[in-house]
Amino acid sequence: MSYASARAAVETRLTNNWTTTPIAWENVTFDPQVPGDGFPAGGPFIAFTVLWGQEWQRSFGADVNLYRNSGVLQLHVRTAWGTGTSQAHTLADSLAALFRGQQLSGFTFWSAYPEPGEEEKEAGWYRVTVNVPFKLDEFY
């Protein structure tokens, strides 16, 4: 599985199971101040990043061997700045539950944990990031 197809599997899970807020996809135009798809302007939204870690060979000598990739799925929740933290943490809890302990297309997602909230005052947002470590086993 390529990095692109692995990422597509994560995108599909998110697309098929997350309807609470809009999703700001990487390298796709998104303006949270413009209403769309039934979501209000300036409302909360999420984004995600796949941080790839080390890949190492787990089996040797066969025609096809097991390679294991590690990494972290980062799910970024943004809510309006100055409105408290409750909404951001409630959305973060829901996102964590969507991936925690799941097996998907070679991925195994482990326990999720949040990073402390960060204020992005200039942009008008408060951000909480949910980290979900994973392994991805592939045969080459």
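1. Of the 140 residues of the protein, 41% count as buried, and this figure, like every value in this note, belongs to a predicted model. The C-alpha atoms fill a box of roughly 60 × 30 × 25 Å when the box is taken along the principal axes. Among the contacts between residues at least 6 apart in sequence, 60% join residues at least 24 apart.

2. It helps to have the order of the elements in mind before looking at details. The secondary structure comes to two helices and seven strands, and someone who reads along the sequence meets them in the pattern α-β-β-β-α-β-β-β-β.

3. Helix α2, which holds residues 86-99, allows a simple check of geometry. At 1.5 Å a residue its 14 residues should span 20 Å, and because the C-alpha atoms at its ends are 21 Å apart, the model agrees with that expectation. After α2 comes Gly101, a residue whose phi is positive, near 70°.

4. Which residues of α2 are buried? They are Ala88, Leu91, Ala92, Leu95, Ala96, Leu98 and Phe99. These residues cover an arc of only 150° around the axis, and therefore they lie on the same side of α2. On the other side of the helix, Ser86 and Asp93 are exposed. What covers the buried residues includes helix α1 (3-17) together with the strands β2 (45-57), β3 (66-80), β5 (107-109) and β7.

5. Helix α1, named above as part of that cover, is also where Ala6 is found. Ala6 has a relative accessible area of 0%, so it counts as buried, the cut-off being under 20%. Although Ala6 and Leu104 are 98 residues apart in sequence, their C-alpha atoms are 9.5 Å apart in space.

6. Strand β6 (residues 113-120) and strand β7 (residues 125-139) run antiparallel and are joined by six bridges. The two strands form a hairpin with four residues between them, and in the turn Gly124 has a positive phi of about 85°. To follow one bridge by eye, the student may start at Glu115, whose bridge partner in β7 is Thr129.

7. Gln74, whose place is in strand β3, offers a way to connect that strand with the hairpin. With a relative accessible area of 13%, Gln74 is buried. Its side chain makes a polar contact with the side chain of Glu115, at 3.5 Å. Leaving aside neighbours within four places in sequence, Gln74 is in contact with Ala47, Phe48, Thr49, Leu51, Glu115, Thr129, Val130 and Asn131. That list includes both Glu115 and Thr129, which are the bridge partners described in the previous point.

8. The count of salt bridges comes to eight, and a few of them deserve a careful look. Asp137 forms one with Arg68, where the closest N and O atoms are 2.5 Å apart. This pair links distant parts of the chain, since Asp137 lies in strand β7 and Arg68 in strand β3, 69 residues apart. How buried or exposed is each partner? Asp137 has a relative accessible area of 22% and is therefore partly exposed, whereas Arg68, at 16%, is buried. The cut-off for buried is under 20%, so the two partners are given separate labels by values that fall on either side of it.

9. A second salt bridge joins Glu120 to Arg127, with the closest N and O atoms 3.1 Å apart. Glu120 counts as buried at 16% relative accessibility, and Arg127, whose relative accessible area is 16%, is buried as well. Salt bridges that share partners join Arg78, Glu118, Glu120 and Arg127 into one network.

10. Another salt bridge is formed by Glu119 and Lys121, whose closest N and O atoms are 3.7 Å apart. Here Glu119 counts as partly exposed, at 47% relative accessibility, and Lys121, also at 47%, counts as partly exposed too.

Note on methods: Residues are numbered from 1 along each chain as its sequence is written. This is a predicted model: local features need pLDDT of at least 70, side-chain atom pairs count only at pLDDT 80 or more; totals for chains, interfaces and linings use all residues. Side-chain values use heavy atoms; hydrogens and water are left out. Two strands pair if DSSP finds at least two bridges between them. The expected span of a helix is 1.5 Å times one less than its number of residues. Buried means under 20% relative accessible area, exposed over 50%, partly exposed in between (1.4 Å probe, protein chains only). The arc is that of the directions from the helix axis to the C-beta atoms. Contact means heavy atoms within 4.5 Å. A salt bridge is a side-chain nitrogen of Lys or Arg within 4 Å of a carboxyl oxygen of Asp or Glu. A polar contact is a pair of N or O atoms within 3.5 Å; within protein, one must be able to donate a hydrogen and the other to accept it, and residues adjacent in sequence count only if both atoms are side-chain atoms.
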